Amino acid sequence: MKKVVVVAPTFNEAESIEKFIAQVLAQRNSLPEYELKLLNSASQSKDKTADIVKKIAVKDKNIVYLDVLERGLGLGLVKGLNYAVEKMGADVLVTMEADLSNDPSEIAQFVKKTEKFDVVIGSRYIEGGMIANWSWWRRAASQAANYILMFLAWTSRLHEFTNLYRAFTKEVWEGVKPNIKIHKGWLFVPAFAFEVLGSQYKVAEIPIIYFDRFGGRSKMRTFSYTKDLLRYALRFRFKKMFG
């Protein structure tokens, strides 16, 4: 039986984490041919997130709490994904937000899609995808940014670079890890997409519904993230063009 590990980085998710864990583990009913586990890679939350996860993990061996010790989404993902493969024997990895902006009920379709594709990326910007509870200007800005990234990546087969909801095989992670493990923050997310597109992996995109975060506060510093993202995308494009 193949093992699926959902890796969800957390920072101050006390308002949503218990509900998130319950919804993720409920997906075992939709994946009877897989063994589903959850790893929370925690980055020094100041609230009760760690206490809640640890308490639940004592009762359920399918939940792992990993203390990352340092803050940073990318750092939490790298350490979490490495742990999932090396210590938990993951065959398939799923990354997603723990604040319920990504719907856990969609996990099964991601995992099943990896039976034919190496990487499955959730998109808000293809038919069937949508964003709930965002203002029109925030939605327009996000979509414009992804169109720019499509152009810089020189692709029309991927419309979403900035959403974390993805599934991929352990072989993909081992393949792209050397080039993206340096990204300790949010840049990890689009960098992963660029790297898989620049390789020979079979990539699929599926529509998702994205909900504005449930409780807590966003961890993203928008201006610095946007600046770093465009700088990275331009470097990637020039490297592909000129070696």
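Buried means under 20% relative accessible area, partly exposed means between 20% and 50%, and exposed means over 50%. K177 has a relative accessible area of 14%, so K177 is buried. The model discussed here is a predicted one.

**The sheet**

The strands form an open sheet of 7, with mixed pairing. Their order is β3-β2-β1-β4-β7-β5-β8. At the edges sit β3 and β8 (203-207), each of which pairs on one side only. Neighbouring strands are turned by 20° against each other on average, direction ignored.

Strands of a sheet pair through backbone hydrogen bonds, either parallel or antiparallel. Which sense do β1 and β2 adopt? Their pairing is parallel and extends over 9 bridges. Within this pairing, V7 has L39 of β2 as its bridge partner. Helix α3 (residues 73-86) packs on the sheet. Its contacts are with β1, β2, β3, β4 (92-95) and β7 (166-169). The direction of α3 makes about 160° with that of β1.

**Helix α2**

Helix α2 spans residues 49-59, and its buried residues are T49, A50, V53 and A57. Viewed down the axis of α2, the buried residues fall within an arc of 90°, so they line one face of the helix. The face turned away from this buried side carries K55, V58 and K59, which are exposed.

What covers the buried residues of α2? The cover includes three strands and a helix: β1 (2-10), β2 (34-42), β3 (63-67) and α1 (17-25). The helix α2 lies across β1, β2 and β3, and runs at about 145° to β3.

**Salt bridges**

The structure holds 4 salt bridges. Among them are the three in this table.

| Salt bridge | Closest N and O atoms |
|---|---|
| R28 and D60 | 3.9 Å |
| K37 and E35 | 3.2 Å |
| K177 and E174 | 3.2 Å |

The pair R28 and D60 links distant parts of the chain, 32 residues apart. R28 lies in the loop between α1 and β2, and D60 in the loop between α2 and β3. Is R28 buried or partly exposed? With 33% relative accessibility, R28 counts as partly exposed. D60 has 17% relative accessibility and therefore counts as buried.

For the pair K37 and E35, the lysine is the buried partner: K37 has 10% relative accessibility. E35, at 24% relative accessibility, is partly exposed.

The pair K177 and E174 belongs to helix α6 (residues 170-180). These two residues are 3 apart, so about one helical turn separates them. K177 is buried, as stated at the start. E174 is partly exposed, with a relative accessible area of 38%.

**The loop residue S45**

Where does S45 lie? S45 is in the loop between β2 and α2. Its relative accessibility is 21%, so S45 counts as partly exposed. Leaving aside neighbours within four places in sequence, S45 is in contact with T10, F11 and N12. S45 and T10 are 35 residues apart along the chain, yet their C-alpha atoms are separated by 7.5 Å.

Note on methods
Residues are numbered from 1 along each chain as its sequence is written. This is a predicted model: local features need pLDDT of at least 70, side-chain atom pairs count only at pLDDT 80 or more; totals for chains, interfaces and linings use all residues. Side-chain values use heavy atoms; hydrogens and water are left out. Buried means under 20% relative accessible area, exposed over 50%, partly exposed in between (1.4 Å probe, protein chains only). Helices (H or I, at least four residues) and strands (E, at least two) are DSSP runs, numbered from the N terminus. The arc is that of the directions from the helix axis to the C-beta atoms. Contact means heavy atoms within 4.5 Å. Two strands pair if DSSP finds at least two bridges between them. Axes are lines fitted to C-alpha atoms, for helices over the stretch in contact, and angles run from 0 to 180 degrees between N-to-C directions. A salt bridge is a side-chain nitrogen of Lys or Arg within 4 Å of a carboxyl oxygen of Asp or Glu.
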